[in-house]
Amino acid sequence: MEMSGLFFYLVSFLTMAGIYAVICIALNIQWGFGGLFNAGIAGFYAIGAYTAAILTSANSTRHVGGFDLPIIVGLIGAGLVAGLLGWVVAKICIRLKADYLAMASIGIAEIVRLAIINESWLTNGSIGISRIPRPLEDIFTGRSAEVVFLIFIWLMVLLTYLIAERLRFSPWGRVMRAIRDNEDSAASIGKDVQYFRTQSFIIGAIFMGIAGALSAHFFKYFSPDATEPLLVTFLVWVMLIAGGSGNNKGALAGALIIWALWSMTELLTQQLPPEWASRSSYLRMLLIGLFLQLVLQKFRTGLFPEKALNRD
Amino acid sequence: MIDFINYYLIPGVTLGSIYALGAVGISMIFGILRFAHFAHGDLMTVGAYAALTTVWVTGLPALATIPVAIAVTCIVALLMDKWFYKPLRALPTIYTVIASFGVAMLLRSSIQLIWGTDSQVYFTGFQKPMIFFDTLRIASRHIQFIVFTVLIAFALHYFLNKTRTGKSMRAVADDPELASICGLKTETVIRATWIIGAALTAIAGIFVGLDTDVHTNLGWNLLLPMFAAALLGGIGKPMGAMVGGLIIGIAEEICTYPIFGESLIEPSYKSAVAFVLMVIILIFRPQGLFKGRLL
Amino acid sequence: MTQDTKILDVQNLIAGYGKTRILEQVNIEAHLNKVAVIVGPNGAGKSTLLKAVFRLNQCFSGDIIYNQQSIINHETDSLVSLGIACVPQTQNIFPSLSVMENLEIGTYAANNPNVAQTLEHVLGLFPDLAAKLNQPAGELSGGQRQMVAIGRALMSKPKLLLLDEPTAGLSPAYLEVIFDLILQIRDTGVSVLMVEQNAKQALRIADTDYVLVNGENAFSGSGKELLANDEVRRSFLGGGAPQ
């Protein structure tokens, strides 16, 4: 790879890693703080992406909008819509065992996917929405534009991280941990367990929606293919568990490392003979699936176990 | 009216039979091992592909390959339990849920590696539907599915109520701690659970393959309605899951029936019906119709 | 008493849940064909002790000897075949199984060559159950459930029966019935180790008795001795003169 190719690869790698880091921290707020199993991350991500796309893209005759609004409006809108969806899911099954939440969230992701494909008046169906802007793109062009966007993404990561850390060390975070570790005793000291859980699920959903918006801006074009539920949902779970659930640093590190591993397996499988190359993506899935099992059985606490941090 | 029966009710019952067979395993695994098994759909896909290879090798009709498909699926199920679920047994069950999510991925990508991603069929050609009373049209394969499912339902009922293993399974589903206090070996019961769950889902997989085609997302796509069926019937109630499967299958088809000239929902949203029913159950009757366990 | 009559010997047991220690160096013995009762205030660790025998919590040190054999490392599901049966305080029946099925479950792990005879014996002890054999056990009243639970334990023809507060939540009328039954069960050759909240009544049927306080042995002796002991009366039986 020549230098500029490598440079673009690296920038795009870090940009995607940043987007995954936002989702991973968001999942940490749900799972790591609250013990809430969200198996429908792709749904929240997709609804955020489409909200931002519709709000910020240039006017189109093929679907509602685009409204050509500022990117910040798109981000807020994405967070709001995804948060609303999270509220609905939480309302239904927050009082039940985590498994039910997992089923319902998979269902919600499926409904979102169906709606995106079928409601073409809103989403332009399987063709997707194009002409999604990036911040400051009329000032910077070419190579510097990529770098500017990378900085923008990582500023968002930083913001997400700081908010999550703030939450973690706030009284709210302490209550959440108490609930997660012993629901009964938390309830007995007068904490409304369901209320706190609902909050943690909504906050997580908001950031997943924002991450969706960020990736819509990154791709500048968003279609149902980009919300492949497996890739988004599954990879993020592997990231969080490998990094260390309950710990935002772990979530961040997990996102970077797993995304690096994932991207490297792509480089590796490209070297395979052509008859295998076509199946390489399945081989990668197989490997990441096995990797998750390994982590679950041997390194459950992740790279950055929560405990060590809790003592301070 | 006859159109309703031909094009909505009978396909609904057929689809319901498939859901029913898959949901039995989900309900029992949830009841006995206490976790929602997200790889159950992909286990179904394993059964469908095992039958496919057997059909290719032997030239037998697909239904005749059921024993092979069951054997393969059972072995896969027991191995995945041994390798991926058993090591997590002592932990909170949510870890097993995560593991099953990963196993779903493992099974699917293995199938994609071995068989490729093109859709396949067990046989080519068109089956003429059988016509009764001049107007009632049923595809002969649908008759086979329904008859098979009814027979399985009877056999399952007998097994659960009359045999020692069956009663032990119900006891563990009721209260695993008490069951082990009573000296029942949980691991034996768990093995039986996997074998029955895998066998029935393998049969369902062949039915799906016969009805449409065999593809790598075959089982995963049916996971949601199967979960809904298991919840509707009540967790840990296999017979309830069968009834639940039937209800979900019929509901999905009927919702697209043009009652007043317009169908209740767009056919493209058919798979949302199961989800809506699931949500209604979770809100109003989370223990299911047949008083299953609320975990 | 001699070594030979000891069927269960809990020696210096330290046990609890997770990492929390609840029992500190507890010693309890149950003797052949006798009723041993453990009483004590709430939170004294009475149920913890029974659970420890059945390995339903953590034992940190000490030993549990059954018939001259250490069982502290035995799996829960292996104890029935050794001749120990346990009736937990709550959730002691399978609610969706019929009464008959509940009783049958009791025989699955046991070496019981004559199930029919045992069933007859159990139904003789609990005639109320005979009419309800096909009813789901979850539909029965509290007292009847307790009978199903004890009946299920007896179906395994145990040598030692562990009962965790068999009278909890039952009306006073049932109390006498259950205590009377326990004596009948003892007289058929079953040793009984029982945890009881209703100390006064329990002490009357006890052959040996232990008072646990704060996870430690406080008193032990025969039921009559403890009933006559002023301090025990004052502290646990609500005072009053010996009756």
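**Reading contacts, a helix face and an interface**

Mentor: Leaving aside neighbours within four places in sequence, B:Thr256 is in contact with B:Tyr8, B:Ser263, B:Ile265, B:Pro267 and B:Lys270. Please keep in mind that this is a predicted model.

Trainee: Where is B:Thr256 found?

Mentor: B:Thr256 belongs to the loop that runs between α10 (238-254) and α11 (270-284) of chain B.

Trainee: Does one say that B:Thr256 counts as buried or exposed, and why?

Mentor: The cut-off for a buried residue is under 20% relative accessible area. B:Thr256 counts as buried because its relative accessibility is 9%. In addition, a polar atom of its side chain lies 2.6 Å from the backbone oxygen of B:Glu253.

Trainee: Let us turn to a helix. Which residues of helix α3 of chain B are buried?

Mentor: In α3 (residues 66-85) of chain B, the buried residues are B:Ile66, B:Ala69, B:Thr73, B:Cys74, B:Ala77, B:Met80, B:Asp81, B:Phe84 and B:Tyr85. They lie on the same side of α3(B), because they cover an arc of only 140° around the axis.

Trainee: What general idea helps in reading such a pattern?

Mentor: An α-helix has 3.6 residues a turn, so residues three or four places apart point the same way.

Trainee: Which residues are exposed on the other side of α3(B)?

Mentor: There, B:Pro67, B:Ile75 and B:Lys82 are exposed.

Trainee: What do the buried residues of α3(B) pack against?

Mentor: Their partners come from two chains: α13 (280-298) of chain A, together with α2 (40-58), α4 (93-115), α5 (140-162) and α8 (186-211) of chain B.

Trainee: I should now like to read an interface. How is its size expressed?

Mentor: The size of an interface is often given as the accessible area lost when the parts come together. Between chain C and chain B, the area buried is about 1900 Å², and carbon and sulfur atoms give 58% of that area. C:Asp77, C:Phe94 and C:Tyr108 supply 35% of the area that chain C buries against chain B, more than any other three residues.

Trainee: How many residues does the contact take from chain C and from chain B?

Mentor: The contact takes 21 residues from chain C and 19 residues from chain B.

Trainee: How many salt bridges are there between chain C and chain B?

Mentor: The count is three salt bridges. C:Asp77 forms a salt bridge with B:Lys185, where the closest N and O atoms are 3.4 Å apart. On the side of chain C that touches chain B, helix α2 (residues 99-108) of chain C gives the most, with four residues. The residues of that side divide into 12 nonpolar, five polar and four charged.

Terms used: Residues numbered from 1 in each chain as written. Chains lettered and ligands numbered in written order. Predicted model: local features only at pLDDT ≥ 70, side-chain atom pairs only at ≥ 80, totals over all residues. Heavy atoms only, no water. Buried < 20%, exposed > 50% of the residue type's maximum accessible area, 1.4 Å probe, protein only. Arc of directions from axis to C-beta. Contact = heavy atoms within 4.5 Å. Buried area = accessible area lost by both parts, 1.4 Å probe. Salt bridge = Lys/Arg side-chain N within 4 Å of Asp/Glu carboxyl O. Nonpolar A, V, L, I, M, F, W, Y, C, P; charged D, E, K, R; others polar. Polar contact = N/O pair within 3.5 Å; in protein donor to acceptor, adjacent residues only side chain to side chain.
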